[in-house]
Amino acid sequence: MSASAPQLGVVAAGHPLSARAGADVLREGGNAVDAALGSMLASFACEPLLTGLGAGGYMLVVAPGADPVLLDFFVEAPGRGADPGLRAELVPISVSFGEAIQVFNIGAASVGSYGLPAGLCAASERFGRIPLEQLVAPAARLARDGVALNAQQAYVIEILGGIVTSTPEARALFAPGGSVAREGDVVRQPELAEALQRLGSEGPAPFYTGDIGAAIADWLGVHGGMLTRADLAAYAVVDRVPVRARYRGRDVLTNPPPSAGGILIARALGLLDSSPGRPSVERIVEVMEQTQRERTPDFLAGLDDPDFVRGFLDRELGQAVEAGEGGAGARQTGPLGSTTHIAVLDHEGWACSVTCSAGSCSGVIVPGTGVHLNNMLGEQDLNPLGFHRHPPGRRLPSMMAPTVVLRDGQAELVVGSAGSNRIRSAILQTIIRSIDDGMQAADAVQAPRVHYEDGVVYTEPGVETRALQAAGRTLSPFRERNLFFGGVQAAARDAAGVLTGGGDPRRGGAAIVVGAA
């Protein structure tokens, strides 16, 4: 598209229908935040095990002429007024990643205080210009009419089959005929449609102090969960000042503590910026190794609980991940990262980067609410000191890092990723490809990636490995591009003002550039 062609904006999301919903909002006159919200709402129907009303997340908003802000609506530890003696046992579910097995813990005791309803409404009220009731309508229609599973979402349901068949309510949605839904099958969520409509007309109150929140807390209480009405009533979106790093004359804004992913990315960019010119793959791997090793008191300063986050980083960055030659047959014990990201830029200069996650889902869908709840209290990687150690009200740690790159104060790149501890390496390399290599967003997202972890360098096809081999690095090559390396969505503005987008094919992402009518 030429610089003279008028553009309204660009949306990149984890599913083509999620991206389309955001693009439609831009056409209707919405800004980047409106479009991101439209995509988020649609993703609940299109990516049902990655996100939803029972999940949590972060949104980075850069508005023209205003200070950037990070909205933290991630999952919070529950337990206000609960009796730990009545807590049910976590339910372990084995999930196969090819040759390896990982255990996820689900059930009522795995559920933390969700943040999506509060975050959606806060972002809409503060930054949006299209009424939320209007934004929810397309998503509610998708949930009611149903969405045919694409290959990527069918794969997620397949590997999480033990979770989606763990309760009658989950089975009714994802395995109605006795076996889990497959590619092409239509997943309909009529109760979610009703919940979305109520969100649009009534705001977050029903989910926190009203009947939906009460139903969820009471159901969990009967089944041994720790989430109480008091936890939901106390939940609030938190404003945070983004971490800021300099890279090649740009300002890179990303997720601050208590999340950990952003500070790792900022540190890596700072190290790379100390040397001019495009960093080699050997230098990128060196920096990945150094940031994994550097977890000093200064690095952890400002965290709510430095000891806990140190444990989180030790576990998250030290995951034993094995990938034999062969990609599809790879062994990986690191988590899938059941997360989705949305990136939006508009012609007025607004930028919005938002990452959401339900963990691997709890299997708990409270009847009559349409809310599939997270299992963050059962995710081993978020509980490195042991389960149920968080005090009530503490936000859980995360690697999620919605990011915006500014050039001369204007958003040049909006980026984020799914992929657990691969988030940091995926975002880092996308920034390098965009800025140092001058790639458009789609090419930067699709470019082959490396990931360093626990002494091993994992590589996708197309990565030049001779220098790594000469340096004595232990390599674990994949034969084809793989979702192990993250799921990046990116939106970019070049020097001429032309907008481009990239949806990660590793996770079924899509990007749409919206032209003026």
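Contacts between residues 24 or more positions apart make up 70% of the contacts in the chain that have a separation of 6 or more. The model is predicted, with a chain average pLDDT of 90 and 90% of the residues scoring at least 70. The chain contains 17 helices and 20 strands, and 62% of its 517 residues count as buried. Confidence is not uniform: pLDDT stays under 50 over residues 316–335. The model nevertheless has 74 contacts beyond four places in sequence for this segment. Where pLDDT is low, predicted coordinates should not be read in detail.

In soluble globular proteins, nonpolar side chains tend to be buried together. The largest nonpolar core of the model comprises 92 residues, and M40, L41 and M59 have the most contacts inside it. Helix α2, spanning residues 32–46, supplies the largest share of this core, with 10 residues. A second core, separate from this one, consists of 62 residues, among them A266, A268, L382 and A411. Within the largest core, the surroundings of M59 draw on several parts of the sequence. With neighbours within four places in sequence left aside, M59 is in contact with V33, L37 and M40, with V69, L70, L71 and F73, with A123, and with C352, S353 and V354.

Packing between helices is illustrated by α4 (residues 132–145) and α8 (residues 190–202), whose axes lie 8 Å apart at an angle of about 180°. The two helices are therefore roughly antiparallel. On the α4 side, the contacting residues are L132, E133, V136, A139, A140, A143 and R144. These meet P190, L192, A193, E194, L196, Q197, L199, G200 and S201 of α8.

Two individual positions were examined further. V371 is located in the loop between β12 (351–357) and β13 (403–407). Its relative accessible area is 0%, so V371 is buried. Apart from neighbours within four places in sequence, the contacts of V371 are L53, G54, F207, I212, I216, V364, I365 and V366. V371 also lies 8.1 Å from E191, C-alpha to C-alpha, although the two are 180 residues apart in sequence.

Q7 is placed in strand β1, which covers residues 7–13. Q7 counts as buried because its relative accessibility of 10% falls under the 20% cut-off. A polar atom of the Q7 side chain lies 3.0 Å from the backbone nitrogen of L499.

Notes. Residues are numbered from 1 along each chain as its sequence is written. This is a predicted model: local features need pLDDT of at least 70, side-chain atom pairs count only at pLDDT 80 or more; totals for chains, interfaces and linings use all residues. Side-chain values use heavy atoms; hydrogens and water are left out. A nonpolar core is a set of buried Ala, Val, Leu, Ile, Met, Phe, Trp, Tyr and Cys residues joined through side-chain atoms within 4.5 Å. Buried means under 20% relative accessible area, exposed over 50%, partly exposed in between (1.4 Å probe, protein chains only). Helices (H or I, at least four residues) and strands (E, at least two) are DSSP runs, numbered from the N terminus. Contact means heavy atoms within 4.5 Å. pLDDT is the predictor's confidence in each residue, from 0 to 100. A polar contact is a pair of N or O atoms within 3.5 Å; within protein, one must be able to donate a hydrogen and the other to accept it, and residues adjacent in sequence count only if both atoms are side-chain atoms. Axes are lines fitted to C-alpha atoms, for helices over the stretch in contact, and angles run from 0 to 180 degrees between N-to-C directions. Angles under 35 degrees count as roughly parallel, over 145 as roughly antiparallel, 65 to 115 as roughly perpendicular and the rest as oblique.
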